[in-house]
2 protein chains.
Amino acid sequence: MNRVLERIRPTPEERARLEGTARDLLIRIEESAKAENLDCQGILAGSAARGTWLSGDCDLDIFLSVPEDGDLGDALFLARRLFPKHEERYAEHAYVQAVADGIEVDLVPCFRLEDARRIRSAVDRTPFHSIYVSRRIAGLEDQVLLLKQFMKGVGVYGSELKTGGFSGYLAELLILRYGSFRGVLEAASNWRPGEVIDLECHSRRDHDSPLAMIDPVDPGRNVAAALTLDRMFKFVAASRCFLEAPALDLFFPHRAEPLSDGDLLRHIHDRGTYMILIEFPAPAVVEDVLFPQLRKAEEAISALLARGGFSVMRSAVAWHRDPAGSPHGLGRILLELDIWELPFIRKHMGPPVWEEEHLNRFLASHKPISGPYIEGGRAVVEIPRRYTRARDLIDMEISGLALGKHISAEVRAGHVIYGGSELLQIGDSEFRALLAEFFLARDRIC
Amino acid sequence: MNRVLERIRPTPEERARLEGTARDLLIRIEESAKAENLDCQGILAGSAARGTWLSGDCDLDIFLSVPEDGDLGDALFLARRLFPKHEERYAEHAYVQAVADGIEVDLVPCFRLEDARRIRSAVDRTPFHSIYVSRRIAGLEDQVLLLKQFMKGVGVYGSELKTGGFSGYLAELLILRYGSFRGVLEAASNWRPGEVIDLECHSRRDHDSPLAMIDPVDPGRNVAAALTLDRMFKFVAASRCFLEAPALDLFFPHRAEPLSDGDLLRHIHDRGTYMILIEFPAPAVVEDVLFPQLRKAEEAISALLARGGFSVMRSAVAWHRDPAGSPHGLGRILLELDIWELPFIRKHMGPPVWEEEHLNRFLASHKPISGPYIEGGRAVVEIPRRYTRARDLIDMEISGLALGKHISAEVRAGHVIYGGSELLQIGDSEFRALLAEFFLARDRIC
């Protein structure tokens, strides 16, 4: 564990720099509020506030609170003043992103409340989280760091929509609940879907989520709401691996090497499946908007293929840099099909023979190659299949699918479909590494 | 209708001959019983008893009744005496089959009862049916003939297991219920599954059958029990056709012409499916034993293919004469597949990750090409597929399937599998006519 901690624990210099920058900012905020005669207080939140950030991976989250009956606009005004050079971003409300001493800073307006249950938007809750953890975490920082890095290595860290994994706050609460990194892993290795963890014995409510971590500052909320079943059990499986044989590469996994042309051809040949890649310029949106849309597109395309009688065995989505230089990179949807070619005719089930009106409409609207005949009481015809190849179906119909607002627009404006060995035409290392991982498809399960 | 009746109504000569033979037989039975001092009475039953047989398609059903406390053996003894040259057959009990004046005669021992509800086996009921119909059918014989021929033309006549259609008695009861051929068709064209017809307003019991015709002489029994849903609605659909446009070919359909080599190749090419024929010497059993087994075999093979990831679009079974001279002919199972070739790898779903013991056994027993990975909370591996071609799967596994007792034995002793254009090797006209019908697959639906 020490070998891991050496790599992830912030150095004294890193710590001093971050703490110094934070202190300066809080002082400037106080002075600025006084000068503008605004009731607005700065609060440091996030991992920086409790010393639980992974070395090299830190930013500052500073919340600017106004009174409950105040105006968030005052806080936003102050933030803009503080950083004339900034970017304005938008979650539930607007906030300001800037850089101070080379450190990324988020300045987030919120309401100052007595009780987390009275919050108006999610950001109002964060200061409560910060206070709750800060008061209890002292002495356990290393355990939090180990758990976060382990989750990162296993690919389940990050509650944003791209990952659907564990948030930093959730990792901290798990350490508080089970006392240590190993304690969390031991508990996790026995988790089942529907697990409920309730630090303050607050709530007996049922949750539908695979894991429910009752928020200690707001019992109605599940801290693990974003965690997907598969990410949860990737963590469970990896926990068992670690307990059986604590390997360093669980924390720092080897990245897959980009696949060579020869290896790619060999995989295509040995698997005997049909690979399809759909590629398009990525829209200018953040990951939390892009990835849900990529997944929506992936599902819409798989459903289209299933309706056409084809079958997708596995698929993946990615956002890659564009070697040809699209400003926002490329969206890529990779599909592996086990059924991609079908006969010229298809069986088409009609209504039951006793529904005479439906039946007549059905018979009038088809010129069958075979039939009509009766099967299971229903009229059946065999008619020409519109698309005998999965690739043609995607080609002709993709523009009509609901792929997510931004992706639909990009796909309609232009996309390329590669099938089978045409994938060789794509040589960039991000794609070849994705292929290598796709063909290996190995989660840590022991 | 007269043009139909001309072809199906027994001629005066045919009638005279049948009635003469029947009268002679009944007299000989009476004399013989007297001579042997046995209490045994002959009763003429079936269509010959009420003049409702289709011209050219008649036999004599004579029941030999003994008292309720008597011995069926007495009747059997008498039957053997009467026809020294006979074949002994077996339904629920033994009976005797012989030929008199070129007419096939069944001599069936039964008990003489007061009430059909006290019968000991199905044959005891037949004399009651005969009496019930004979007393009511006078004047409606032509209507019965039209209905029977219509059912024959549509392919739904015959309640034995091969057809699963309408029995002669059921046709007669339908005429009694609806008064005429047209009346039956008008009623039928509005039938729905679960139709109940109760001539004597006997029973309010629920039946699961698609059609329930309460037996007027035994209300606990459904005369239409053998009728399948699909035969019932073939009749319904054809009834509507007739009412819309009464065509002669509904009664006398054109038989499909055997398919030429060229047409067969064209069908195979145009459909783009894969045809498989499994052929084996038929066992020495009657149709009522053979056909249920053929259908069982057809289902077992389709299920095998489905388990292997393949898909049967449609199938048929047949019993044909063997051009090469197998004594009992050939059993043939014809399959048309829309999925018959699959990739080298297949996805294999394992247990949920939280079932640790199952999971460990699963992981230990597979050396995956890809995976293990987690999907839907379960461990998944991608492993080599045992059979990538449907034909190989049948070839290797058919002998281990439960195909029905007699067919399993024959298939194990020897069978041939033909795939795709290999079907051209089979030139006999019965098979080529089956193919023609199979590809047309047209029921009378309007």
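This report describes a strand sheet with its helices in chain A and a helix pair in chain B.

The model is predicted, so local features need pLDDT of at least 70 and side-chain atom pairs count only at pLDDT 80 or more, while totals for chains, interfaces and linings use all residues. Residues are numbered from 1 along each chain as its sequence is written, chains are lettered from A and ligands numbered from 1 in the order in which they are written, and side-chain values use heavy atoms, leaving out hydrogens and water.

In chain A, five strands (DSSP runs of E, at least two residues, with helices being runs of H or I of at least four, numbered from the N terminus) form an open, mixed sheet ordered β1-β2-β5-β4-β3. Its edge strands, each pairing on one side only, are β1 (41-45) and β3 (87-90) of chain A; pairing requires at least two DSSP bridges between two strands. From one strand to the next, the twist averages 30°, with axes fitted to C-alpha atoms (for helices over the stretch in contact) and angles running from 0 to 180 degrees between N-to-C directions. Strands β4 (residues 94-100) and β5 (residues 103-112) of chain A are antiparallel partners over five bridges, and A:Ala100 stands opposite A:Ile103 in β5(A).

Two helices of chain A lie on these strands, where contact means heavy atoms within 4.5 Å.

| Helix | Strands | Angle |
|---|---|---|
| α4 (residues 72-82) of chain A | β2, β3, β4 and β5 of chain A | about 160° to β5(A) |
| α5 (residues 126-134) of chain A | β1, β2 and β5 of chain A | about 55° with β1(A) |

In chain B, the axes of helices α6 (residues 141-154) and α8 (residues 181-188) come within 8 Å and cross at roughly 45°.
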